[in-house]
Amino acid sequence: MHMRRAPWLTAYACFVYAFIYLPILVLIVYSFSGSGVGGFPPKDWTLHWYRVLFDDGALWASVLNSMEVALAAVVISLGLGLPAALALDRSDFPGKAAFRRLVLLPLILPGIITGLSLLMLFVAAGIKLSLLTITLGHGTALISVATTEIFAGLQKFERVQEEASLDLGANHWRTFWHVTFPNLRVSLIAAGLLIFTLSLDEIAVSFFLIGRDNTLPLEIWSRLRRGITPEINAISTLILLFSIALIVIWYRLRMRGERAPAEAATVPLEPAVEARTL
Amino acid sequence: MYTRAYKSAVTIPPLLWVTAFLLIPYAILFAHSFWSVSPSQVIVHNWNLQNYLELWRNPMYLTVLFRSMRIAGSVTLLALLLGYPLAYYVSFHAVKRKDLLYQLVIIPLWASYLVRGYAWKTILGSDGVLNGFLQFLHITHGPVQFFLYSPFAVVLTLTHIYTPFTFLPIYASLEHVPRNMVEASQDLGASPWKTFLRVILPLSLPGVIAGATFAFVLTLGDFLAPLLVGGPSGIMISNIVVSLFGAAYNWPLGAAISLCMLVLVVALLVVTEKIEKRLAS
Amino acid sequence: MNAEPATGATGAMGTASTAGATAATGAGRGLLSVRNVEKRFGARPVLRGISIEVAAGEFLTILGESGSGKTTLLRLIAGFEELDSGEIWMGDERLDVLPAYRRQVNTVFQNYAIFPHLSVFENVAFGLRAKGTAKAEIPDRVRQALDMVKMGEYAGSAPSRLSGGQQQRVALARALVNRPKILLLDEPLSALDANLRKQMQAELKSLQREVGITFIFVTHDQEEAMALSDRVALLRQGLVEQITDPREIYGRPATAYVAQFIGQTNLLHAEVQDGVARAGAIAWRASGEAGTATFSLRPESIRLANVHPAAQNSGAGAGQPTGQNSARNASVRFCGRILTQTFGGAADLIEIDCGDGQILRARIATPGLLQGDAEFEFAEADAVRVRDSAAG
């Protein structure tokens with residue numbers, strides 16, 4: 001279908017893109033600027049801040065922490081999101097609607113509420129705050145992402161294949177492993193990538209559950225409180241590139257078999273994406 | 001086709017987890033909101049409504065709440081004004097590079113909230129890029145103060161964060177507008193503008209509502225942007241909660257505010273769900 | 001065609017026909033016995049106490065329009081749904097209490113349901129592996145099954161590269177390799193184009209004869225049913241309207257619904273009295289109780305009277321039954337005005353106005369161009385009395 005050309009709209013669209021990318025470009029550009037963050041235009045091109053970054057032990061310790069937490073969060077979220085998606089797809093039980101809303105609630109609820117309520121739980125249960133509590137927080141908040149992604153994958157999966165498998169003599173367990181699971185592989189990997197990325201960048205929930213060890217965002221945060229250092233630009237650029245790589249892979253996986261980006265833009269995606277600012 | 005055992009096996013583990021880590025915490029939050037703090041910094045379980053009365057009576061809370069809602073409203077409006085035309089452009093006008101353009105919108109989302117907030121801080125500061133740029137062009141002669149540490153900065157930063165969020169659901173609903181309906185409208189003589197008003201816009205409303213809800217709710221509950229770029233005049237309601245759980249040590253009061261936020265969010269969700277259902281029929 | 005709504009049929013009728021059919025096929029006890037099965041979806045009843053006996057080695061087609069319950073019945077036999085009341089037995093054992101994976105029944109699905117992530121070989125081997133067949137045995141059995149459906153060359157292929165017809169053969173092989181007692185086929189040919197469909201019908205029929213397994217075939221296409229089956233069970237609103245072999249169901253439909261569903265027919269509403277049925281100006285000898293009755297008369301049974309040399313006694317005037325001649329081919333004559341004549345290949349479809357608002361349709365071979373009034377006849381035995389009330 002052809003629409004008449006609309007130059008104003010095109011210009012406006014360019015403006016919006018510029019607005020969206022401006023801070024990112026500033027970040028990247030100024031991470032190479034010798035004078036750090038001040039002024040315009042940027043001067044003194046240098047890799048100095050990256051060198052400082054590589055020597056920064058505390059920062060890399062927090063990166064390691066973040067990776068550990070992210071991996072654990074992936075395991076928890078997928079491990080619970082998969083049965084949750086199956087339950088929502090196949091089973092009818094009293095309170096199913098409430099269950100669905102509860103599972104999906106952390107997606108739209110501001111992270112502060114999820115974080116605070118979990119904090120109170122841990123205090124009441126006498127659990128000391130640590131990377132473990134952060135992991136539990138991420139896992140809980142991100143189950144909704146896993147559930148949404150896997151549920152979407154289930155919708156595309158033909159249930160009749162499971163019937164065929166049962167018909168041929170395979171019991172439920174065998175059917176799950178040999179028929180359902182292989183067909184969900186793409187959804188699971190995509191969900192895993194998404195959860196990993198979200199967990200790496202997560203700050204709102206982590207803010208309240210932090211113990212002695214910092215995750216990367218929290219480490220950056222504490223340094224920001226002390227003042228702007230251009231080193232932050234460098235690490236931010238690196239995080240950006242890493243996250244982008246993961247997300248591009250995720251997107252490609254999601255698009256496998258689809259022809260239109262509209263498939264990616266269907267409802268199951270936005271809640272997953274909205275989860276960005278947990 | 002699915003046995004009882006199968007259904008139980010898939011339902012029970014997530015149910016247990018969600019009960020333990022969502023339902024019970026909310027219950028504890030709920031309980032805390034009815035307790036209070038003794039002068040010796042101990043939480044006393046004396047069930048009462050003091051916290052809620054305090055919220056109602058003390059003008060500071062209401063002031064901050066209204067400011068938060070104004071900020072949330074502004075962000076939502078701006079994000080829609082930016083996101084909708086962009087979505088419309090990518091959906092209807094970008095024929096060849098639609099996929100790429102779509103990806104270009106998603107990518108900034110993965111640039112970490114913190115990182116983007118920090119970027120705005122460096123841009124808007126008195127030594128920052130914007131001021132430097134304006135002085136470079138001799139548009140201004142000294143640093144402009146109000147760019148940073150003001151509600152303006154908070155709105156700007158959060159609009160930046162949430163524009164992709166409004167884009168996505170609007171784009172999804174625009175993609176679902178049947179193209180032959182648009183063609184039929186044009187065939188019947190409606191101008192592009194009329195076609196937009198009468199056909200496309202109504203059909204895209206579910207996406208608009210979804211995007212607006214997300215932007216509004218998440219902005220309202222945001223505490224990071226105010227801390228980064230808001231300054232004293234940009235404090236939002238969640239910042240009060242943060243301090244109540246921090247230095248100001250009054251968990252019950254903080255819980256009360258949080259609970260109000262929770263109730264507000266759930267109410268908004270229920271309302272938008274109902275609206276979407278009515279639109280769908 | 002007069003559109004007569006045939007009101008319900010009872011299950012008893014099905015059983016009566018079944019008894020006849022069982023005797024006809026000579027089988028002893030049925031291999032599969034569906035007894036008074038009821039199934040509801042929510043508040044909506046789909047099967048209302050249906051009973052069928054299926055003989056070993058027969059090709060039974062379950063025919064019906066959408067909503068008649070035929071697919072539901074199939075799924076109950078396969079084990080994908082649970083019945084609300086009644087029982088299903090296979091031989092001496094109760095079938096409906098077993099889960100799907102323990103039944104010696106296999107299904108060919110409407111869109112084949114081939115596993116996309118497995119090769120053709122692995123698809124066919126799936127059931128064998130699930131049941132723990134000896135590894136050494138598997139390749140031979142798979143090859144045998146694939147050869148039977150002429151897909152032997154495609155063992156290593158990926159299903160995505162196969163056409164619809166090819167996938168369907170793989171689905172067949174995948175089911176048959178397990179040597180089930182019964183093969184269920186759920187409208188397997190509906191996704192194929194007309195030519196391929198005819199070809200597959202022939203192959204299915206010869207396959208069934210070769211393998212000797214009971215086939216239960218579901219379709220809404222009555223021509224398909226008539227071509228393939230040993231017996232046809234016509235379902236309507238969750239009950240068996242009639243179950244018998246194709247010739248019988250065509251020539252002796254039990255109810256008006258059957259008469260109209262299978263092939264085309266004219267429904268004559270007649271008054272029967274003293275052994276004579278009268279519909280408007282047409283009269284013929286008929287047995288059975290007196291009163292109002294409906295008769296089914298196939299269009300091809302109607303001929304032009306003056307053309308046919310084998311016409312019986314001319315009789316005075318139109319519409320009189322022939323005399324005391326009790327020959328089964330006694331012919332009945334009537335007069336009518338030609339309304340329309342439509343070319344139809346070997347025979348033309350002719351609409352005849354017989355007076356009193358009665359319009360009959362006839363299929364007459366090469367009649368030449370007809371106009372005005374003409375005389376027609378049909379054999380007495382071709383007017384089949386059908387039930388059209390629930391109390392039948």
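How many residues do chain A and chain B each bring to the contact? Chain A gives 78 residues and chain B gives 84. Keep in mind as you look around that this is a predicted model.

**Chain A by itself**

Let's start with chain A. Its 278 residues include a buried share of 54%. Chain A has twelve helices and zero strands, so reading from the N terminus you meet α-α-α-α-α-α-α-α-α-α-α-α. Among the contacts in chain A with a separation of 6 or more, 78% join residues that are 24 or more positions apart.

**Where chain A touches chain B**

Now turn to the side of chain A that touches chain B. Helix 1 of chain A, residues 7–30, supplies the largest share of that side, with 14 residues. By residue type, this side holds 59 nonpolar, twelve polar and seven charged residues.

**Where chain A touches chain C**

Chain A also meets chain C: 15 residues of chain A are in contact with 16 residues of chain C. Two elements of chain A give two or more residues to this side, namely helix 7 (159–167) and helix 8 (172–201). Helix 7 of chain A provides the largest share, six residues.

Here are the two sides of chain A, split by residue type:

| Side of chain A | Nonpolar | Polar | Charged |
|---|---|---|---|
| Touching chain B | 59 residues | twelve residues | seven residues |
| Touching chain C | seven residues | four residues | four residues |

To find these places in the structure, look for helix 1 of chain A on the side that touches chain B, and for helix 7 and helix 8 of chain A on the side that touches chain C.

Terms used:
Residues are numbered from 1 along each chain as its sequence is written. Chains are lettered from A and ligands numbered from 1 in the order in which they are written. This is a predicted model: local features need pLDDT of at least 70, side-chain atom pairs count only at pLDDT 80 or more; totals for chains, interfaces and linings use all residues. Two residues are in contact if their C-beta atoms, placed from the backbone, lie within 7 Å. Helices (H or I, at least four residues) and strands (E, at least two) are DSSP runs, numbered from the N terminus. Ala, Val, Leu, Ile, Met, Phe, Trp, Tyr, Cys and Pro count as nonpolar, Asp, Glu, Lys and Arg as charged, and the others, Gly among them, as polar. A residue is buried if 20 or more other C-beta atoms lie within 10 Å of its own, exposed if 12 or fewer, and partly exposed in between; C-beta atoms are placed from the backbone.
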